[in-house]
Structure formats: structure tokens, C-alpha cells
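Thanks for coming. I will walk through one structure this morning, starting at a single residue and working outwards.

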Amino acid sequence: MNKTYILDGAQTDFERNWTKEGKGVVALLKEAMTDGLQDACLSFEDIIELNKDNRVACYVGNFIAE
């Protein structure tokens, strides 16, 4: 079996006020995931397709959690 590993990261803009934009943690995570997938030339549809064969693992880390 061939394995593929993709390492990518994304960071949200620290100056944005998510509350004033009416957005919460889910929107923040979705934006970071979307940016990371775009950088890796992948889409959410690609992840859905790969997940059908249980071939996807996602790790989310927060360097400076408050």
C-alpha cells in the first residue's frame, strides 16, 4: 500500500475581531482548514472521497491556546 502524507498549515489573522464579524470558533476552524487545503491543492470533496476508504486523518493544533 502506498501512503501519502501531506503536511500543511494555516493561520488566521490575529487582528480580526471574529465576534464583530458574527463568527465563532467553528468559522475560525473552517477558514483555517480551507486555507490549509488550498495550499495543499486539495478540496473538501477530496477529503470526503479519501475518507470513504478510511484514508484520512486530520490533526489540529493550537500553538498558543488561551
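**Starting from one residue**

Glutamine 38 is exposed, because its relative accessible area is 54%, and the cut-off for exposed is over 50%. Please keep in mind that this is a predicted model. Glutamine 38 belongs to helix α1. Along the sequence, glutamine 38 is 30 residues away from aspartate 8, yet in space the two are 9.7 Å apart, C-alpha to C-alpha.

Now the helix itself. Helix α1 covers residues 25-39, which is 15 residues. From its first C-alpha to its last it reaches 21 Å, close to the 21 Å expected at 1.5 Å a residue.

What follows α1? Cysteine 41 does, and its phi is positive. The phi is about 60 degrees, although cysteine 41 is not a glycine. For background, most residues other than glycine have a negative phi. Cysteine 41 is located in the loop between α1 and α2, the latter being residues 44-51. Is cysteine 41 buried or exposed? With a relative accessible area of 69%, cysteine 41 is exposed.

Next, the surface. Val25, Leu29, Met33, Phe44 and Val60 make a nonpolar surface patch of about 450 Å². Which element gives the largest share of that patch? The answer is α1, with three residues. Leucine 29, one of the patch residues, is placed in helix α1. Its relative accessible area is 41%, so leucine 29 counts as partly exposed. As a general point, an α-helix has 3.6 residues a turn, so residues three or four places apart point the same way.

Then the charges. How many salt bridges does the structure hold? There are four. I will begin with arginine 16, which is partly exposed at 23% relative accessibility.

One partner of arginine 16 is glutamate 21, with the closest N and O atoms 2.7 Å apart. Glutamate 21 is partly exposed too, at 36% relative accessibility.

Arginine 16 also meets glutamate 31 in a salt bridge, at 2.5 Å from N to O. Why does this pair tie together separate parts of the chain? Arginine 16 lies in the segment before α1 while glutamate 31 is in helix α1, so the salt bridge links parts that are 15 residues apart in sequence. Glutamate 31 has 23% relative accessibility and counts as partly exposed.

Arginine 16 has a further contact, this one with a ring. Its charged end sits over the ring of tryptophan 18, 4.1 Å from the centre of that ring. As for rings paired with rings, the structure holds zero aromatic pairs.

Elsewhere, glutamate 49 and lysine 52 join their side chains in a salt bridge, at 3.3 Å from N to O. Glutamate 49 is partly exposed, with a relative accessible area of 48%. Lysine 52 is exposed, at 59% relative accessibility. Going back to the wider picture, salt bridges that share partners join Arg16, Glu21, Lys23 and Glu31 into one network.

To recap, there are two places to look at again on the screen. One is arginine 16, with salt bridges to glutamate 21 and glutamate 31 and with its charged end over the ring of tryptophan 18. The other is cysteine 41, which follows α1 and has a positive phi. That is the end of my part.

Note on methods
Residues are numbered from 1 along each chain as its sequence is written. This is a predicted model: local features need pLDDT of at least 70, side-chain atom pairs count only at pLDDT 80 or more; totals for chains, interfaces and linings use all residues. Side-chain values use heavy atoms; hydrogens and water are left out. Rings of Phe, Tyr and Trp (its six-membered ring) pair if their centres lie within 6.5 Å; planes under 30 degrees apart count as stacked, over 60 as edge-to-face and the rest as tilted. A charge sits over a ring if NZ of Lys or CZ of Arg is within 6 Å of the ring centre and within 35 degrees of the ring normal. Helices (H or I, at least four residues) and strands (E, at least two) are DSSP runs, numbered from the N terminus. The expected span of a helix is 1.5 Å times one less than its number of residues. Patches are made of residues with over 30% relative accessible area and no salt bridge: like charges are joined within 9 Å, nonpolar side chains (Val, Leu, Ile, Met, Phe, Trp, Tyr) within 5 Å. Accessible areas come from the Shrake-Rupley method with a 1.4 Å probe; for residues, only the protein chains shown count as cover. Buried means under 20% relative accessible area, exposed over 50%, partly exposed in between (1.4 Å probe, protein chains only).
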